[in-house]
Amino acid sequence: MKAASHNPVPTQANAPSFMSPAAHRHETILAEARPGASHGLAWDPIRASVDCWSLYSRLGDIWWTRAAGGPAIAAASRNRFDALVAFARARSPFYRDAYRGLPAGRLDPAALPVVTKRALMNRFDDWVTDPALDLAGVTAFLVDREHIGERYLGRYVIWKSSGSTGEAGIYVQDDDALETFDALMAVHLDPARFAAVHAWRIAARGGRAALIAATGDHFASIASWRRLTRNNPWIAARCFSIMDPLPQLVAELNAYRPAFVASYPTMLSLLAEERKAGRLEIDPVSLWSGGECLPAHMRVGIEAAFGCPVVNEYGASECMSMAFGCNEGWLHVNADWVLLEPVDDEFRPTPPGAPSRTVLLTNLANRVQPIIRYDLGDSVVVKPGPCACGSPLPAIEVEGRHDDVLAMAAPDGRIVRLLPLALTTVVEDAAPASRFQILQTAPDRLRLRLAARAPADRQAAWRALEKALRAFLDRQSLPNVRVSLDPGRPRTDRRSGKLREVIASRRDHA
Ligand SMILES: [Zn+2]
């Protein structure tokens, strides 16, 4: 890692000119106030107060737009879309090329070509709109896991995704985007205007907040969490790793007694079981679910076990917060800041009520790395007609990946449940960019399918994976579980056409 390269103090001269006036002013004040200071883990009171002011103004904007109803939301979305497209054409060589031949001026979203992760990542340096960013620099920054959630170049937060397709993505967030997503979260947590921020902070201060996630690398959840807690050092917050054995996690949570717990729905479900069995003794006031789909039955089970509501967020590495769940069980799209277009195989709009083949995402908040009509891969159904909850935002249901929680038998006969995300994290860490599938074939047997590679590569990947999975299983008190390499390749689900990476015993082995 180039230690000095990602932490220069921003100055007026090197602050990117596309920053909002507020952000630009902020960076300048900061540089003057703290000459030579780095943006490491230290809390910066000036930055925090400007962030806070900026968050308040964004909260107000979101609140008033939504209070004005559907037409105001559509108008805000349209204006932001036009401005983003114009900006991307001016500053991103990738989009300039992609939109070459299209007329200048206002364009209908449907007139713009669809982009994919592979196409964008292949031209990363042309995709980003700040010439100070390049793939070599951000890759070097990401190699060092000490810096998760730290600012890069003093002004960006960066994370990566592994993705179910085996293609890694790297995502750069600017201040405007981060503030927008903070505000969206705050507006959702308490619709009573600005009180939202206070409610969250008081709850987090008085109680304690816990994030249970894949904490070992630069992933969106842990990077945003570290950023949030660094900006607000009075929040008592702790991260817990999904890689730890469940009994250990339960003991640690019992000792910590968090008032707010954020995790994946599969993890919250496991914790709900522990709560019902009397082993987990925490009484959170709120739970947050993200990163995976939360089916209605799972939400009901978790809420019943903990006696508190689950806030369900639909987000992605490409766009932190795309929608929030409502009491009616629908997800409401943050349509003033996010454009989601459900489409069929040929990218034609899917009518409400019908499942789409994929959904095209436009992130209206982030300009440093424009995401415009990006093929996200999720299948969604748009709710026909208004939602009974009264939200003016469009309602959707997401058909996401359905990886299974595995129930393995330990030598003493106990059942040890393995989180699919923990298993996929082990594999992705040991053999990056692999397309794979883990099958449970017996209570103490796992089989791994690896995508075809050159035989030597395949053997090398398998050796690394066998070692990593062995260590993980031993830590989970499963030294008896055997892992073998399947001669076949990963197979997509016949019905959905998607790749399920973790499949429990005797389901869809064909
Ligand atoms: Zn609703």
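Which residues is Ile158 in contact with, leaving aside its neighbours within four places in sequence? In this predicted model, the contacts of Ile158 outside that range are Val138, Phe141, Leu142, Tyr152, Ile170, Tyr171, Val172 and His218. Ile158 also belongs to the largest nonpolar core, a set of 121 residues, where it ranks with Ile212 and Val338 among those with the most contacts inside the core. The element that gives the most to this core is helix α8, spanning residues 175-189, with 8 residues.

At the level of the whole chain, 15 helices and 21 strands are present. Of the 510 residues, 42% are buried. Among contacts between residues at least 6 apart in sequence, 66% join residues at least 24 apart.

One example of separation in sequence is given by Tyr56 and Glu179, which are 123 residues apart along the chain, while their C-alpha atoms are 9.4 Å apart in space. Tyr56 is part of helix α2, which covers residues 45-67. Tyr56 counts as partly exposed because it has 16 C-beta neighbours inside 10 Å, a number between the limit of 12 or fewer for exposed residues and that of 20 or more for buried ones.

Among the strands, β11, β12 and β13 form an open sheet in the order β11-β12-β13, with antiparallel pairing. Strands β11 (338-343) and β13 (374-375) stand at the edges; each has a single partner strand, so one side of each lacks a neighbour in the sheet. The antiparallel strands β11 and β12 (residues 358-363) are joined by 6 bridges. Leu339 stands opposite Thr362 of β12.

How values were computed: Residues numbered from 1 in each chain as written. Predicted model: local features only at pLDDT ≥ 70, side-chain atom pairs only at ≥ 80, totals over all residues. Core = buried A, V, L, I, M, F, W, Y, C linked by C-beta atoms within 7 Å. Helix = DSSP H or I, 4+ residues; strand = E, 2+ residues; numbered from the N terminus. Contact = placed C-beta atoms within 7 Å. Pairing = 2+ DSSP bridges.
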